[in-house]
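Here's a quick briefing to keep beside the structure while you click around. Start with the overall picture, then move on to the charged pairs, the core and the surface.

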Amino acid sequence: KPELREILTQDMRVIEGSDTTRGIADEVENGNLEGFDLDVAKAVLLLQHVHDIVPLNEGNIAVSVMSELNGRSWISTQNRVEESLGRLQKFIRPTGDEAGARYRFATQEERLIYDDTEANEENPDWDAILHALDEHLWKRIIQDLALPESVPYSNASDEYPVAYKYSLDGTEFETTTESEGGLEVPIAVQGVHPNYSPLKGDGETLYWEIDTDGLEDLRKHIVEWWALRDAISTHNAPPAVERDLERRASAVRSKLVSAMQSGSYTVKDRTDIESLSGAVQTAVDVGYPDDFHPMMLQVTEDRLQELVELSTEDPLPAWAHTIQVPSLDPSAGQGKKTIQSNVMALTGRQLKDKEDGLNMNTVLDGITDKKPFYENARPALRAIIWGFCREGRLVPVDEDGNTLENSVVLDRDRLSTTRLKLLPREPIGKLLEKGGFKETTETVADGLINLQEANQQLRSALTG
């Protein structure tokens, strides 16, 4: 009616369109919407202004568009109305108000946003979708998954923290789960991207294949969420659109978490893993060898200071025994020595035939190049090297070749000016004791320093 157009100008534009925007009638004419959708829109137009008398809900909209009233037809028509409102979502929006009108006509800004959303849904960019999942949803998803924060290591009863890195269908995520001194477990989630072929390559990676039941529905919800998320990036999203985005995000989180919880796990060649905690435990067991212990990741500069303050007669701290720092006490050296043997072998190979030795940082780099799992355990490596210095297997020297006290290898600030040399396997400590340059309670480094001082005194005496 002409009078309606004058009173409800903006709402009538939504129905009929204008010179610059397409309306519901235009979409019906083009076959994108049904004629029934136009009837529903007209009913909403009228009912929204009398909702205090006739509530604007699906049931009353159904009554408004029916030609004959009977119970069966009303229920059937109400179902058709709900489907129609779904198709009309960019034109008619839910208000979230259960007491008043449940629906209203979209604003111009909202219609532009949902136009862009529909365009995105028709041509989803899956690379952009995966990056958006990482940036906006993954942190909440991993919270809902409740990944184990710690696991037992090897056959020990003690548990150690776990840190996680994530990828989804080949896309490395920036979102991580950090844990100071944690065992690192890479998790590769697979099965979301429609064109990605699952891999089973890296032995230390936990491959997590999502459940395929309801997979198309999951992908549809992910695309719908991303499509709106991308569309509002170029608009000022009204609160109603923000609520719609949060609703879509919540649906994605729920469905993706459910698909992952019902999924399967593979680590290396092991596929019979029944639980997430078992999968993480398996990844740790496979990823970290015998010549490693998680306590190595928890050695700090403060703990190294504990070693500096020890005398030759003091026992090593418990953590030092755990990471196999060589001890001067023969009775304390029993048990596994795989870590210290490996560190000594990697160090010795570098220093062999190097008369001037090598810089400490160079030695540490050489160790971690060969064994990358030691990269975050450099303080622990220095503690083990310090133990070998006390044993007389290695000796720290300055850039002029003068012997230094063993504790310099524990001082991070002195590493760049400290060189490490390999001593001969002969019992040099006994020779120094025999020559009167070392007491039995002193280290080989102490004896070598005493020998240097005696040589300097002799030289001074001879030269006057």
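Of the contacts in the protein chain between residues at least 6 apart in sequence, 58% join residues at least 24 apart. Keep in mind that this is a predicted model. The chain has 18 helices and 12 strands, and buried residues account for 45% of its 464 residues. It exposes about 24,400 Å², with carbon and sulfur atoms supplying 45% of that.

**Salt bridges**

- A search of the whole structure turns up 21 salt bridges.
- Arg93, Glu121, Asp244, Arg247 and Arg248 are linked in a network of them.
- Side chains of opposite charge can pair when their charged atoms come close.
- One pair in the network is Asp244 with Arg93, whose closest N and O atoms are 3.0 Å apart.
- Asp244 sits in helix H10 (residues 239-261) and Arg93 in strand S1 (residues 92-94), so this pair ties together parts that are 151 residues apart in sequence.
- Asp244 counts as buried because its relative accessibility is 4%, and Arg93 counts as buried too, at 6%.
- Arg248 and Glu121 also meet through their side chains, in a salt bridge of 3.7 Å, N to O.
- Here helix H10 supplies Arg248 and helix H7 (residues 108-122) supplies Glu121, so parts that are 127 residues apart in sequence get tied together.
- Is each partner buried or partly exposed? Arg248 is buried, at 5% relative accessibility, whereas Glu121 is partly exposed, with a relative accessible area of 27%.
- Arg248 forms a salt bridge with Asp244 as well, and the closest N and O atoms there are 3.4 Å apart.
- That one stays within helix H10: Arg248 and Asp244 are four residues apart, about one turn of the helix.

**Two buried residues to click on**

- Val40 is found in helix H4, and it counts as buried because its relative accessible area is 0%, where the cut-off for buried is under 20%.
- What does Val40 touch, not counting residues up to four places away in sequence? The list is Ile61, Val65, Val81, Ser84, Leu85 and Leu88.
- Take Ile61 from that list: Val40 and Ile61 are 21 residues apart in sequence, yet their C-alpha atoms are 6.7 Å apart in space.
- Thr171 belongs to strand S5 (residues 171-177) and is buried, at 13% relative accessibility.
- Leaving aside neighbours within four places in sequence, Thr171 is in contact with Leu130, His131 and Tyr166.

**Surface patches**

- Asp116, Asp125, Asp127 and Asp230 form a negative patch on the surface.
- One of these, Asp230, is in helix H9 (residues 215-231) and counts as partly exposed, at 34% relative accessibility.
- There's a nonpolar surface patch as well, formed by Val50, Ile53 and Val54, with about 240 Å² of accessible area together.
- Where does Val54 sit? Look in the loop between helix H4 (35-47) and helix H5 (58-65).
- Val54 is partly exposed, with a relative accessible area of 31%.

Definitions and conventions:
Residues numbered from 1 in each chain as written. Predicted model: local features only at pLDDT ≥ 70, side-chain atom pairs only at ≥ 80, totals over all residues. Heavy atoms only, no water. Patch = residues over 30% accessible without salt bridge, like charges linked within 9 Å, V, L, I, M, F, W, Y side chains within 5 Å. Areas by Shrake-Rupley, 256 points an atom, 1.4 Å probe, with all protein chains shown as cover. Salt bridge = Lys/Arg side-chain N within 4 Å of Asp/Glu carboxyl O. Lys, Arg positive; Asp, Glu negative; His and termini not counted. Charge placed at Lys NZ, Arg CZ, Asp CG, Glu CD. Buried < 20%, exposed > 50% of the residue type's maximum accessible area, 1.4 Å probe, protein only. Contact = heavy atoms within 4.5 Å.
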